[in-house]
Amino acid sequence: MGYLEGFAVTFNKLFEERVTGEYKAKGEGEKRDKPERFHGRHVLNRYEDGMEKCIGCELCAGVCPARCIYVRGADNPPDNPVSPGERFGWIYEINYLRCIHCDLCVEACPTQAITESKLFEFSFTNRDDAIYTKDELVVGDDGMPQKLPWEDWRPGDDEHTSGWMRATSPGGSVAYQNTVSWSGELGYGVRSPEMGQHEPDPEPVPAGGHGDTHDDHSDHHDDSGHGGH
Amino acid sequence: MIAQQAYLESFDWTSWDLLFLVAKVVLIFGVLLVSVMLMVWFERKVVSDMQNRIGPNVAGPWGILQTLADGIKLFFKEDLTPDGADRFVFKLAPYLSLIPAFLMFAIVPVAGDFSDGKDGSVSWFGQDLFLQFVDPPMGILLFLAMSGLGIYGVMLAGWASGSKYPLLGSVRASAQMVSYEAALGLSLAAVFLSSGSLSTNQIVQSQTDGPFFIGGWNVFGLGFIPFVIFLIAATAELNRPPFDLVEAEQELVGGFHTEYSSLRFSLFFLAEFMNVVTMSAIMVTLFFGGPHGPVLTDTGGWAWGLLWFFLKVLVFLFTFVWFRATLPRLRYDQLMDLGWKILIPLALGWFLLLGALRVAEIEGWNRLVVVAVGLAGIFLGGLLLTGAIRNARLTRAESEILEYG
């Protein structure tokens, strides 16, 4: 009677706790926290001295599977450079009617210029608003993303915009845990790595200390296996 | 029935009678529309409960006005007619689907005091009334005719769209209707056999005498099988899951209504859910004694009838939603197998058994012997049918081997 068991399953679900929560619209209250590496609306970062990180290399536009990024680089004016180095992002546009928030642009960026905030509720009402220009994407002088009128920012959405970058071992190698390999940002300085991704390596067991551990770990980790994970 | 005929003969087209008629129409129309609105909300709420979700909760308290909001939204959308469509039929089809859904409800007795052998009539404004729109002598045949007509809307919608997926959906709809209407009709015949009438009022009255108020209901009196067959066939008639092949999203986009938008789409939607409500009401009338139930006060027995009727219908509405939340959609060949190889033979066999019992009652035969012989006959028939199906399958397999190696 497999069919009837199914009826019991669905009926019992009626009395179970809901796993979804109420939707809180703008001004209705707190939302649940978003994950650390949430893919939301992009920001264009700046260095601690206020210089823009983007060098106009168009790698992000090239890697974008949705073809939503349009970049044009230009030579820095020598007397008033926008970015350190030779070139800067002169035009930078993202079409959010196309963007799928895959974060490939963030991975491609050689200078960590483009990262993603946790904002995903920005219901623009016309196509012009859908295309974010460089003026809208670049962070303000306080290092925070600009908050446009149609965007629904919640506390924490604008912090840790470099979530994916701050993953301490993006390649999965424990050896790079806690190793900072990114530049500082305006308003933040050099951000700390995201912690708690891997079990820390077991410390070398002192001689004679075996008797203290009564857990059922029969196979102790091999200390030489750093890269083996 | 006699009272109804007298009512029809004495009908005065220039007096209050006409006003009464119009009032009844408007009342039923309004109640049905509101019930559809609530049904859609109820379905979404129950399904979301069964899936550990919250469901609609924004429009009105508990999201109860969500359907209204959706309806208003649809109303303001653009109404598209595809280039390849047969314009007249394309525009006609939604109404063909909707109007039978309304008409079907006309024969359902929604209230009335049927306890202690009363006939469910009330005396209001100096008139003897039945609390149903009409009680024609052919009664339940109107239901069969209307449910058959309603399929035309679906069929023509798919055909007139000038597009392949809707066409496939409408072909499925007509095939499904043909397959299941037979089982539906055969289980209805069992009801006619016990009530001796086609009039819905008479059918309800025939179910009123029995122990514990519910003992006379057809669902028990006919031995469950006709009811189960009717329930399954009705689900198929309604194109509800698990028989919703007509609008199987994964295969046919939206099925027959793929090309419809705006108000015309909402008419289909309306008809579909109205059919659910109506079919539940018909099922209650046929198998669960309609408004029949205990009357606990001296006066106003009709209101108790209304209450019992409402509760019974609610149970079936819940059942349909429950089906949807539980059962995955049948494959097309499974649908046909279930209809032709199980439901129709079973309904036919059970109908013959009930007929034999009726004859035994008249002739004074031993009931137990009749039941034993009848069940043995059904069993043997089932074996024969299974054998024939297996034989046909083997033959087909052999011929395929001969043909393709």
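**Two chains, their helices and their cores**

Let me begin inside chain B, where B:F227, B:F230, B:L231 and B:A234 of helix 9 meet B:M279, B:M283 and B:F287 of helix 11; two residues are in contact if their C-beta atoms, placed from the backbone, lie within 7 Å, and helices are DSSP runs (H or I, at least four residues) numbered from the N terminus. By class, this contact has seven nonpolar, no polar and no charged residues, where Ala, Val, Leu, Ile, Met, Phe, Trp, Tyr, Cys and Pro count as nonpolar, Asp, Glu, Lys and Arg as charged, and the others, Gly among them, as polar.

Before going on, I should say that this is a predicted model, in which local features need pLDDT of at least 70 and side-chain atom pairs count only at pLDDT 80 or more, while totals for chains, interfaces and linings use all residues. Residues are numbered from 1 along each chain as its sequence is written, and chains are lettered from A and ligands numbered from 1 in the order in which they are written.

How, then, do helix 9 (residues 225-237) and helix 11 (residues 262-287) of chain B pack? Their angle is about 170° and their axes are 11 Å apart, the axes being lines fitted to C-alpha atoms over the stretch in contact, with angles running from 0 to 180 degrees between N-to-C directions. The two helices of chain B are therefore roughly antiparallel, a term for angles over 145 degrees.

Helix 11 of chain B also gives the most, 16 residues, to the largest nonpolar core, which has 101 residues. A nonpolar core is a set of buried Ala, Val, Leu, Ile, Met, Phe, Trp, Tyr and Cys residues joined through C-beta atoms within 7 Å, and buried means that 20 or more other C-beta atoms lie within 10 Å of a residue's own. Among the residues with the most contacts inside this core are B:M283 and B:V277, and B:V277 touches B:L32, B:S35, B:V36, B:M39 and B:L317, leaving aside residues up to four places away in sequence. Apart from this core lies another, of 24 residues, including A:I69 and A:C99.

Helix 14 (residues 367-404) of chain B, by contrast, is hardly covered, with zero buried residues among its 38.

Finally, where the chains touch, the contact takes eleven residues from chain B and ten residues from chain A. On the side of chain B, helix 2 (16-50) and helix 12 (301-326) each supply at least two residues, and the largest share, three residues, comes from helix 12 of chain B.

Terms used:
Angles under 35 degrees count as roughly parallel, over 145 as roughly antiparallel, 65 to 115 as roughly perpendicular and the rest as oblique. A residue is buried if 20 or more other C-beta atoms lie within 10 Å of its own, exposed if 12 or fewer, and partly exposed in between; C-beta atoms are placed from the backbone.
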